[in-house]
Amino acid sequence: MTHERRIIVTETDLERLQRVIEQYSGGRNATLAEMLDLELARAEVTSSQKVPPDVVTMNSTVVFEDEETGARREVTLCYPWDARSDEGRVSVLAPVGSALIGLSVGQSIDWPMPGGRTRTLRIVAVPYQPEAAGHFHL
């Protein structure tokens with residue numbers, strides 16, 4: 001649950017993510033797909049050209065902080081088939097990935113993690129957003 005309720009998702013990301021949810025809704029990733037679906041259901045949808053540059057979109061590089069520990073991490077939010085944890089490429093279906101999509105710099109979210117814990121994650125920066133860079137087809 002976010003402290004600020006609004007998240008923003010581009011039309012293109014929403015279309016692609018709905019296909020991801022359909023593809024992964026069965027089997028071992030069903031719960032993760034459902035969590036992502038619930039997040040997207042509350043999103044404000046906008047065009048790729050109008051999304052603010054500080055919003056986490058697909059293929060964005062984002063710096064976030066765990067508010068409990070103060071630990072910061074920089075990751076690139078990607079589709080499941082592009083995920084490479086050793087390269088900092090986190091799947092949107094991973095708990096952290098689902099938490100980050102659509103948030104803006106300064107927003108925080110309380111997100112359930114594996115093992116029954118909840119972490120509060122805050123967006124610190126979005127050093128790269130494809131839409132802001134004019135890369136609309138990633």
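Let me begin with one residue, L77, which, once its neighbours within four places in sequence are set aside, is in contact with V56, T57, M58, N59, S60, V90, S91, V92, G97 and I101. What we are looking at is a predicted model, and I will work outward from this residue. L77 lies in strand β4, and its relative accessibility is 0%, so this leucine counts as buried. The C-alpha atom of L77 is 6.1 Å from that of R89, although the two residues are 12 apart along the chain.

T76 also belongs to β4, and, with a relative accessibility of 15%, T76 counts as buried because the limit is 20%. If residues up to four places away in sequence are not counted, T76 touches N59, S60, T61, G88, R89 and V90.

From these residues we can go to the sheet. Five strands form an open sheet in the order β5-β4-β3-β7-β6, and the pairing in this sheet is mixed. Which strands stand at its edges? They are β5, residues 89-91, and β6, and each has a single partner strand, so that one side of each is left without a neighbour in the sheet. On average, and with direction ignored, neighbouring strands of this sheet are turned by 45 degrees against each other. Within the sheet, β3 and β4 are paired in the antiparallel sense over five bridges, and V62 stands opposite V75 in β4.

There is further strand pairing to describe at β1, residues 7-10, where I7 and V9 point one way while I8 and T10 point the other way, all of them being buried. In general, the side chains of a regular strand alternate between the two faces of the sheet. Strand β1 runs parallel to β2, residues 43-46, and four bridges join the two; in this pairing I8 stands opposite E44 in β2.

Next, the nonpolar interior. The largest nonpolar core has 32 residues, and those with the most contacts inside it are L17, L36, L100 and I123. Two or more residues of this core come from each of β1, α1 (11-24), α2 (30-41), β3 (61-66), β4 (72-78), α3 (95-100), β6 (108-112) and β7 (118-128), and the largest share, five residues, is given by α1. To take L36 as one of these core residues, its contacts, leaving aside neighbours within four places in sequence, are with L17, I21, V92, L93, S98 and I101.

How many aromatic pairs does a search of the whole structure find? The search finds one, and the rings concerned are those of Y79 and W81, whose centres are 5.4 Å apart and whose planes are at 5 degrees, so the pair is stacked. Y79, at 5% relative accessibility, counts as buried, whereas W81 is partly exposed, with a relative accessible area of 45%.

Finally, the protein as a whole has three helices and seven strands, which follow the pattern β-α-α-β-β-β-β-α-β-β when read along the sequence. For 138 residues, a compact globule would have a radius of gyration near 14 Å, and the protein, with 14 Å, agrees with that. The C-alpha trace spans about 40 × 35 × 30 Å along its principal axes, and 48% of the 138 residues count as buried. Among the contacts with a separation of 6 or more, 60% are accounted for by residues 24 or more positions apart.

How values were computed
Residues numbered from 1 in each chain as written. Predicted model: local features only at pLDDT ≥ 70, side-chain atom pairs only at ≥ 80, totals over all residues. Heavy atoms only, no water. Phe/Tyr/Trp six-rings, centres within 6.5 Å; stacked < 30°, edge-to-face > 60°. Buried < 20%, exposed > 50% of the residue type's maximum accessible area, 1.4 Å probe, protein only. Pairing = 2+ DSSP bridges. Core = buried A, V, L, I, M, F, W, Y, C linked by side-chain atoms within 4.5 Å. Contact = heavy atoms within 4.5 Å. Axes fitted to C-alpha atoms, helices over the stretch in contact; angles between N-to-C directions. Rg over C-alpha atoms; globule rule 2.2 N^0.38 Å.
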